[in-house]
Each structure stands twice: as structure tokens, then as C-alpha cells.
Amino acid sequence: MCEAEITEVRARYVHNLLALGELRLVTADPVLAWRLADRALRLEPFEPRGHRLALAAALRARNPQRTAETRARVLDSLRQLGVRPDPATEILLRQSVSS
């Protein structure tokens, strides 16, 4: 009976996590930005905006292990969906290989 409201609250929560993560990324706190992206992706594992934030935060933190783990997570999600990454995500995936 409340399924629609639960879905709406979940979507709003994911949106807010990602917005806050993006703000943390531009204010030079990539670790917190990655954690917020991770929380959002645990709720919505196929969210492209979450993929981009997680990749960008891992790259900005210059953490090779986290970058590799995040890259694998994003590629796994895309494989499960059977889709190619959007152009922005593709750029970040390429950067994650070279870092």
C-alpha cells in the first residue's frame, strides 16, 4: 500500500546523497564524496550518476586500490544491465585505467 511512497522517498534520498557527494567532491573531500556515492549505490546499484561520482572521487583521492574496486563495480553493474556506459562515465572509466 505504501510502496509508491517508499520508492519516492528512496529516490529522493539517493538524489540527496549524490548531490551532497558532488558538493563534497568540489570542496576537496573526495573520501567523503566516495562514501556518499557508495551509500547511494548500495540503494541504487545501477545509478549512472552514482557511478560517475564514485569514479571521480576515487580518482581525485589518488587511491589506486579504491579506483580499481570502483571501476570493477561500475563495469559489473553495466554488464548486468547489458548496456554501454554513457559518455561521461566512459571518460572516467578510461581515466581509471591510466591512473
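**Entry 1: Val74**

I began with Val74, which is buried at a relative accessible area of 0%; the model I am reading is a predicted one. I placed Val74 in helix 4, an element that runs over residues 64-81. I then looked up what Val74 touches once its neighbours within four places in sequence are left aside, and found contacts with His51, Leu55, Thr89 and Leu93. Of these partners, I noted that His51 and Leu55 are themselves listed among the buried residues of helix 3. I also took down one C-alpha to C-alpha distance, that between Val74 and Glu44, which are 30 residues apart in sequence and 12 Å apart in space.

**Entry 2: Ser77**

I stayed in helix 4, where Ser77 also lies. Is Ser77 buried or exposed? Its relative accessible area is 6%, and because the cut-off for buried is under 20%, I recorded Ser77 as buried. I asked next which backbone oxygen lies 3.1 Å from a polar atom of the Ser77 side chain, and the one I found belongs to Pro45. Not counting residues up to four places away in sequence, Ser77 touches Pro45, Phe46 and His51, and I noted that His51 appears in the contacts of Val74 as well.

**Entry 3: helix 3**

His51 led me to helix 3, which covers residues 48-61. I checked its length: at 1.5 Å a residue its 14 residues should span 20 Å, and the end C-alpha atoms are 20 Å apart, so the two values agree. I then counted burial and found helix 3 mostly covered, with 10 of its 14 residues buried. Those residues are Arg49, Gly50, His51, Leu53, Ala54, Leu55, Ala56, Ala57, Ala58 and Leu59, a list in which I marked Arg49 and His51 beside the leucines and alanines. What covers the buried residues of helix 3? I found that the cover includes helix 1, helix 2, helix 4 and helix 5.

**Entry 4: the nonpolar core**

I turned to the largest nonpolar core, which holds 21 residues, and asked which of them touch the most other members; they are Leu25 and Leu53. The elements that give two or more residues to this core are helix 1, helix 2, helix 3, helix 4 and helix 5, the last running over 87-98. Helix 3 gives the most, with 7 residues. I set beside this the general tendency of nonpolar side chains in soluble globular proteins to be buried together. For Leu53, I listed the contacts beyond four places in sequence, and these are Leu18, Gly21, Glu22, Leu25, Ala33 and Ala37.

**Entry 5: helix 1**

Since Leu25 is a residue of helix 1, I looked up the buried residues of that helix and found Val14, Leu17, Leu18, Gly21 and Leu25. They pack against helix 2 and helix 3, and I noted again that Leu18, Gly21 and Leu25 are in the contact list of Leu53. As to length, the 24 residues of helix 1 should span 34 Å at 1.5 Å a residue, and I found its end C-alpha atoms 35 Å apart, which agrees.

**Entry 6: the loop after helix 1**

I then read the loop between helix 1 (3-26) and helix 2 (30-43), where Ala28 is found and where Thr27 also lies. The side chain of Thr27 reaches the backbone oxygen of Leu23 at 3.0 Å, and a polar atom of that side chain lies 3.1 Å from the backbone oxygen of Arg24. Ala28, which follows helix 1, has a positive phi near 65 degrees, although most residues other than glycine have a negative phi. At 53% relative accessibility, Ala28 counts as exposed, because the cut-off for that word is over 50%.

**Entry 7: the loop after helix 3**

I found a second positive phi just after helix 3, where Arg62 takes a value of about 55 degrees. Arg62 lies in the loop between helix 3 and helix 4, and I recorded it as exposed, with a relative accessible area of 72%.

**Entry 8: rings**

I closed with a search of the aromatic rings, and asked how many aromatic pairs the structure holds; the count is 0. For the ring of Trp34 I did find a charge above it, that of Arg66, whose charged end sits over the ring at 4.1 Å from its centre.

Technical notes: Residues are numbered from 1 along each chain as its sequence is written. This is a predicted model: local features need pLDDT of at least 70, side-chain atom pairs count only at pLDDT 80 or more; totals for chains, interfaces and linings use all residues. Side-chain values use heavy atoms; hydrogens and water are left out. Helices (H or I, at least four residues) and strands (E, at least two) are DSSP runs, numbered from the N terminus. Buried means under 20% relative accessible area, exposed over 50%, partly exposed in between (1.4 Å probe, protein chains only). A nonpolar core is a set of buried Ala, Val, Leu, Ile, Met, Phe, Trp, Tyr and Cys residues joined through side-chain atoms within 4.5 Å. Contact means heavy atoms within 4.5 Å. A polar contact is a pair of N or O atoms within 3.5 Å; within protein, one must be able to donate a hydrogen and the other to accept it, and residues adjacent in sequence count only if both atoms are side-chain atoms. Rings of Phe, Tyr and Trp (its six-membered ring) pair if their centres lie within 6.5 Å; planes under 30 degrees apart count as stacked, over 60 as edge-to-face and the rest as tilted. A charge sits over a ring if NZ of Lys or CZ of Arg is within 6 Å of the ring centre and within 35 degrees of the ring normal. The expected span of a helix is 1.5 Å times one less than its number of residues.
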